[in-house]
Amino acid sequence: MEAKASARFVRVTPMKARRVVNLIRGKQAEEALAILKFAPQAASEPVYKIVASAVANARQKATQQGLPFREEELFISEAFVNEGPTMKRIQPRAQGRAYRINKRTSHITVVVATPEKEEDR
């Protein structure tokens, strides 16, 4: 079973968000939440919320299907960051020049899954 959660238009640059997502890819969900809770990067807060949301989505999906839910079995099967639209701003500079500031956004997606057993296949 797998569940997915994503956040779009997050105001963090994709490169900085990828640094955080690379920390948790392939880890157990509980361990990933613990890593994100104490990670010093600013992007760890929105990624923490997305992982927590994916776990909650898995719990909801299991109750709807009548399956037993064990959070300790969940692991991060997929986690990726795509680039969102860039907001372009202008900052005045010396001698009448203009300097462009790019405010980048990200689309962050996390998929949690339970390991598949051989009997189910």
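What follows is a walk through the salt bridges of this structure, which is a predicted model.

A search of the whole structure finds 4 salt bridges, and a convenient place to begin is Arg70, whose side chain takes part in a small set of charged contacts. Arg70 forms a salt bridge with Glu72, where the closest N and O atoms are 3.4 Å apart, and the side chain of Arg70 also meets that of Glu73 in a salt bridge, at 3.5 Å from N to O. Taken together, Arg70, Glu72 and Glu73 are linked in a network of salt bridges.

How exposed are the members of this network? Arg70 has a relative accessible area of 45% and is partly exposed, Glu72 counts as partly exposed at 42% relative accessibility, and Glu73, at 28%, also counts as partly exposed, because the partly exposed class lies between the buried limit of under 20% and the exposed limit of over 50%.

Another of the salt bridges involves Glu83 and Arg104, whose side chains meet at 3.6 Å from N to O. Glu83 lies in strand β2, which covers residues 75-83, while Arg104 lies in the loop between β4 (98-103) and β5 (106-113), so this pair ties together parts that are 21 residues apart in sequence. As for the surroundings of the two partners, Glu83 is partly exposed with a relative accessible area of 48%, and Arg104 counts as partly exposed at 32% relative accessibility.

Technical notes. Residues are numbered from 1 along each chain as its sequence is written. This is a predicted model: local features need pLDDT of at least 70, side-chain atom pairs count only at pLDDT 80 or more; totals for chains, interfaces and linings use all residues. Side-chain values use heavy atoms; hydrogens and water are left out. Buried means under 20% relative accessible area, exposed over 50%, partly exposed in between (1.4 Å probe, protein chains only). Helices (H or I, at least four residues) and strands (E, at least two) are DSSP runs, numbered from the N terminus.
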